[in-house]
Each structure stands twice: as C-alpha cells, then as structure tokens.
Amino acid sequence: MLDRRQISHLLNEIPLFAGCSDDVLEKLAAAATERDLAKGEVIYEAGEQALDMYVLLHGLVSFKTASGVGHLHVETLMKRHMIFGWAALVPEHPRRLGSATCMETSTVLVMNGDRIMEILTEHPKAGFLVMKRLCSMIASTFIEKA
C-alpha cells in the first residue's frame with residue numbers, strides 16, 4: 001500500500017495533475033483509495049453513472065466503447081499511471097461512455113469525482129490547470145488525428 005506522500009508524488013507525475021501545489025496534491029492523495037482488482041473484474045460498464053475516476057498503478061485495463069451506429073468498437077489498453085474514468089470530473093455525473101475491465105490482476109487508485117472537484121474549487125489556480133488539461137484529454141479522445 002502506498003502512503004499519502006507516495007500518492008502525492010505519483011499524482012504529480014501524471015499529466016492531469018502535474019505542477020499542482022503540494023497542498024493540492026496532498027489533498028488529492030488523501031482523497032484517493034487504493035484498490036486491488038482481479039483479472040476479468042469489470043470496473044465499470046457503459047451507461048453507468050460516472051462517480052469515480054481511476055489511476056492505474058499496475059496491471060492492465062481494457063477500455064471498450066461502441067461508437068456510433070452498428071458494431072464499430074474501439075479498444076484502448078491502459079498503461080501504468082494512466083487516468084481513466086475521467087467523466088467523473090464532468091458536472092452532473094454523466095453516464096460512462098464505455099466499459100473498463102481488468103485484463104490481469106491490477107491495482108488502481110480510486111478518486112471520487114465530487115471530492116476532486118471540491119478540492120479544485122478550493123484552489124482555483126490548480127482547478128483551472130486541471131480542467132484545461134481535462135478538456136484537452138476529452139478533445140483528443142473525440143477528435144480524429146490528421
């Protein structure tokens with residue numbers, strides 16, 4: 001198990017949170033819970049309410065979504081320290097766009113979206129930075145690369 005200092009350091013290495021103040025990183029770390037998951041375990045399904053976001057500490061997670069009409073499927077494998085489930089940071093708890101499943105035994109940090117938003121609201125400079133980066137993540141997810 002990681003302690004708060006280790007989680008804070010790890011969060012600072014993730015592009016979404018990198019460069020936030022030590023105070024913000026500590027509060028985010030305090031709000032994170034480490035969770036072990038079994039191979040084949042479904043973390044969330046498409047259509048569920050998005051309450052938590054995740055940081056993959058180790059293991060392999062597959063994210064699948066059905067796009068558009070028909071049977072077009074997109075699959076992305078999450079690598080170490082990748083964030084997924086970011087819809088939890090979007091107001092009004094939107095529905096999940098896809099499902100996330102462990103391809104092997106994995107460990108994640110679970111972070112409640114409402115708590116993250118409370119912390120970012122208390123620290124507007126960090127909040128602006130994180131939300132700006134989140135917008136870029138969302139855009140890169142939906143915009144085709146030339």
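The exercises below, each with a worked solution, concern the predicted model of one protein chain.

Residues are numbered from 1 along each chain as its sequence is written. In this predicted model local features need pLDDT of at least 70 and side-chain atom pairs count only at pLDDT 80 or more, whereas totals for chains, interfaces and linings use all residues; side-chain values use heavy atoms, with hydrogens and water left out.

**Exercise 1. Determine how many helices and strands the protein chain has, and in what order the elements run.**

Step 1. Helices (H or I, at least four residues) and strands (E, at least two) are DSSP runs, numbered from the N terminus.
Step 2. The protein chain has four helices and eight strands.
Step 3. Read from the N terminus, the order is α-α-β-β-β-β-β-β-β-β-α-α.

**Exercise 2. Establish which residues of helix α2 are buried and which are exposed on its other side.**

Step 1. Buried means under 20% relative accessible area, exposed over 50%, and partly exposed in between (1.4 Å probe, protein chains only).
Step 2. In α2, which spans residues 22-31, the buried residues are V24, L25, L28 and A29.
Step 3. Seen down the axis of α2, these buried residues fall within an arc of 135 degrees, so they line one face of the helix. The arc is that of the directions from the helix axis to the C-beta atoms.
Step 4. D22 and E26, on the other side of α2, are exposed.
Step 5. As a general rule, an α-helix has 3.6 residues a turn, so residues three or four places apart point the same way.

**Exercise 3. Describe the largest nonpolar core and the elements that contribute to it.**

Step 1. A nonpolar core is a set of buried Ala, Val, Leu, Ile, Met, Phe, Trp, Tyr and Cys residues joined through side-chain atoms within 4.5 Å.
Step 2. The largest such core has 29 residues, and those with the most contacts inside it are L11, L16, F17, M53, V55 and M111.
Step 3. Two or more residues each come from α1 (4-13), α2, β3 (52-58), β8 (106-112), α3 (113-122) and α4 (124-142).
Step 4. Helix α2 gives the largest share of this core, four residues.
Step 5. A second, separate core of twelve residues includes I43, Y54, L56 and V108.

**Exercise 4. Locate S99 and state whether S99 is buried or exposed.**

Step 1. S99 lies in strand β7, residues 99-102.
Step 2. The relative accessible area of S99 is 15%, so S99 is buried.
Step 3. Contact means heavy atoms within 4.5 Å. Leaving aside residues up to four places away in sequence, S99 touches Y44, E45, A46, S62, F63 and K64.
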